[in-house]
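The following exercises are to be worked with the sequence and the model at hand. Each task is followed by a solution in steps.

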Number of protein chains: 2
Amino acid sequence: MILIDGKRISQEIKEELKGAVLQRKAEGRKIPHLAAVLVGNDGASMTYVSNKVKACEEIGFESTLIRYDDSVPEEILLAKVQALNEDRSIDGFIVQLPLPKHIDELKITQAIDPLKDVDGFHPRNLGNMVVNLPGFLPATPAGVLELIQRMDIATEGKNCVIIGRSNIVGMPLSIMLGRNTKPGNCTVTLAHSKTENLAEVCRNADILIAAIGQPGFVTQDMVKEGAVVIDVGTTRVEDPSRMKGWRLAGDVAFDEVSKKASMLSPVPGGVGPMTIASLMLNTLKAMDLKGK
Amino acid sequence: MILIDGKRISQEIKEELKGAVLQRKAEGRKIPHLAAVLVGNDGASMTYVSNKVKACEEIGFESTLIRYDDSVPEEILLAKVQALNEDRSIDGFIVQLPLPKHIDELKITQAIDPLKDVDGFHPRNLGNMVVNLPGFLPATPAGVLELIQRMDIATEGKNCVIIGRSNIVGMPLSIMLGRNTKPGNCTVTLAHSKTENLAEVCRNADILIAAIGQPGFVTQDMVKEGAVVIDVGTTRVEDPSRMKGWRLAGDVAFDEVSKKASMLSPVPGGVGPMTIASLMLNTLKAMDLKGK
C-alpha cells in the first residue's frame, strides 16, 4: 500500500509558490494578498484560519486577518465583504465557515466578488466549474485533484464513488472528476445518506472518496482489492491521551482498509494540508485572472 | 410496460399555465412575455423556435421572435441580448443554440441576465442549482424531472444511470437527481464516452436516462428487468418514407427495450414536448422571481 502523503505534496506546492513569489518580486509585480475573515472563537475555525495565515507567511504572500465577535450583525459582515471586494490591495479573501446561526451563510457567500472568491463557494464559480469556464474550484476538492494528479493516479474510464454530497466537497468533486479533463473522465457515482446497498456501490469503485465526517465509516468490506482510497473526513474526536484532549479522525478505518487499498490517504496529513495548498494556488490564480 | 406520455403530460402543464394566465389577467397583472432569438436557417432550430412561439400562443403568453441572418456579427447579437436584458416588457428570453461558428456561444450565454435566462444555461443558474438556490433549471432536465414527478416514479435511494454528460442535459440532470429534493435523492452515476463496461453500469440502473444523440444506442442487454427508461435523444434520421424525408429517432432501441422496461418514454412524444413545457414554466417563474 502506497501512502498518499498530502503533507509532503502540499509542501512541494508551497515550494513552487515560494518560487512564484520570488519571481514576481524580481519582476517588480504585486505580491498576492489573501484576507481571511473569522467570526467567533470556534477552536477548529481558529486553527484553520491560523494555518492559512501561517501558510501565507511561509510562501511570502501578504495576509490580513479580520476578526469579529460571535455577535457581529449580518450587515456589518456584509459591509466588510463589500469593502474587501472593492479593496484593490486584496487579491482574494475567504470568510471562514461555519458562521453563527443569525448570519445567512449563503447570503455572505453570494456577496463575495466571484473574482476574489478563492474558496470557490460562490454559485458563479460552481457554475463555471459545471461548464468548464475559468474560475475558482472549491479548495478541498481542488486539493483532492492535485493529490490525484501528483500521485499519477489514472482516472480516465475508472469507476469513482464519492460518499457524501456536500456543497463544498462531494458534489463539486463529483462534477470535477466526471468532466472531460485530466484528471477527470471518471464514471462518477455520488453516494449519500439515502443510497441503498452502499457497501456494494463502494465495492465497484476503482477510486473511493469518503467525505461525510463520520470517523471510521469506510470499512474493509466496502473496498475493492487494489482500490485507491481518499479520505476527506476530518472530525475532532476526544482523545484523553493527547495534551489537547482530541485528535483528528478520518472517515476511513485506516488500519483495516490499508490492507486492501493500493493507495490510501491518511488523516491527518492527507487531504487536510492540500486544502490550504489549493487556497494558496487559488490566491495566485486570482491575480492571473485579473491580469495583475 | 407503461408509456411515459410526454405529449399528454406537457398538454396538462399547458392547461395549467393557461389557467395561470387567465388568473393573472383577472387580477390585472402582467402576462408573461417570452422572446426568442433565432440566428440562421437551420431546419431543426427553426422548428424548435416555432414550436416555442406556438406554445406561447396556445397558453396565452406574449411572445416575440427576433431573427438574424447567419452572418450576424457577434457584437450585434450581444447588443440585442443587452437590449433584451434591459427591456422591462420581456420577462424571459432564449437565444436558440447552436449558433454559427464565428459566434462564441458561451459569451452569449453569459451575457444573458440570469434572472431572464429561462433556458437555464447561464453559469450563475447552474451554480444556483448546485447549491439549491432559487433560479432557472435547464429546460430539458427540468422536463425530465416533471415527467418523473407526474408519473409518480420513486427516486429516493434508487440507482440512476445517466448516459451523456452534456452541459445542457446529462451533467445538470445528474446534479438535479442527486440532490436532497423530491424528485431527487437518487444514487446517480454519470456515464459517458470514456466509461468502461457501459452495459454493466447501465444494468445497475433502476432509472436509466439516455442523452447522447446516438439513435438506438441503448439495447435490451443494457437494461435491467423492470427499469424505468427515459430517452432524451432526438436525432433527425433520413426516412424516405416520410414526406419531409426524415424522422426523429431516440437513443433507445424502443421495440426491444420496451420488453424489459417497466416504463419507457418514446421519441417523439416523450421528453421533447416536456422541454417546451419547462421553458413555459420557467417563463412564468421569471415573473415570480422578480415579484411581478
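Two strands are said to pair if DSSP finds at least two bridges between them. The model used throughout is predicted.

**Exercise 1. Determine how strand 6 of chain A and strand 6 of chain B run, and identify the bridge partner of Thr189(A).**

Step 1. Strand 6 of chain B spans residues 187-191, and three bridges join strand 6 of chain A to it.
Step 2. The two strands run antiparallel.
Step 3. Within strand 6 of chain B, Thr189(B) is the bridge partner of Thr189(A).

**Exercise 2. Describe the side of chain A that touches chain B, and establish how the two copies are related.**

Step 1. The contact involves 26 residues of chain A and 26 residues of chain B.
Step 2. Helix 5 (123-130), helix 7 (170-178) and strand 6 (187-191) of chain A each contribute at least two residues to this side of chain A. The largest share, seven residues, is that of helix 5 of chain A.
Step 3. Sorted by class, this side of chain A has eleven nonpolar, ten polar and five charged residues.
Step 4. A turn of 180° with a shift of 0.0 Å along the axis lays chain A on chain B with an RMSD of 0.0 Å. The two copies are thus related as by a two-fold rotation axis.
Step 5. The copies meet through the same surface, because 100% of the interface residues of chain A are also interface residues in chain B.

**Exercise 3. Work out which residues of helix 3 of chain B are buried and which are exposed.**

Step 1. Helix 3 of chain B (residues 74-86) has 13 residues; from first C-alpha to last it reaches 19 Å, close to the 18 Å expected.
Step 2. Leu77(B), Val81(B) and Leu84(B) are buried in this helix. These residues cover an arc of only 65° around the axis, and therefore lie on the same side of helix 3 of chain B.
Step 3. The buried residues pack against strand 2 (33-39), strand 3 (62-68), strand 4 (92-95) and helix 4 (105-111) of chain B.
Step 4. On the other side of the helix, Glu75(B), Ala79(B), Ala83(B) and Glu86(B) are exposed.

**Exercise 4. Locate Asp152(A), and decide whether it is buried or exposed.**

Step 1. Asp152(A) has a positive phi of about 60° although it is not a glycine.
Step 2. Asp152(A) is placed in the loop between helix 6 (139-150) and strand 5 (159-163) of chain A.
Step 3. A residue counts as exposed if 12 or fewer other C-beta atoms lie within 10 Å of its own. Asp152(A) has 7 C-beta neighbours inside 10 Å and so counts as exposed.

Note on methods. Residues numbered from 1 in each chain as written. Chains lettered and ligands numbered in written order. Predicted model: local features only at pLDDT ≥ 70, side-chain atom pairs only at ≥ 80, totals over all residues. Helix = DSSP H or I, 4+ residues; strand = E, 2+ residues; numbered from the N terminus. Expected span 1.5 Å × (residues − 1). Buried ≥ 20, exposed ≤ 12 C-beta atoms within 10 Å, placed from the backbone. Arc of directions from axis to C-beta. Contact = placed C-beta atoms within 7 Å. Nonpolar A, V, L, I, M, F, W, Y, C, P; charged D, E, K, R; others polar. Least-squares fit on C-alpha atoms with pLDDT ≥ 70 in both.
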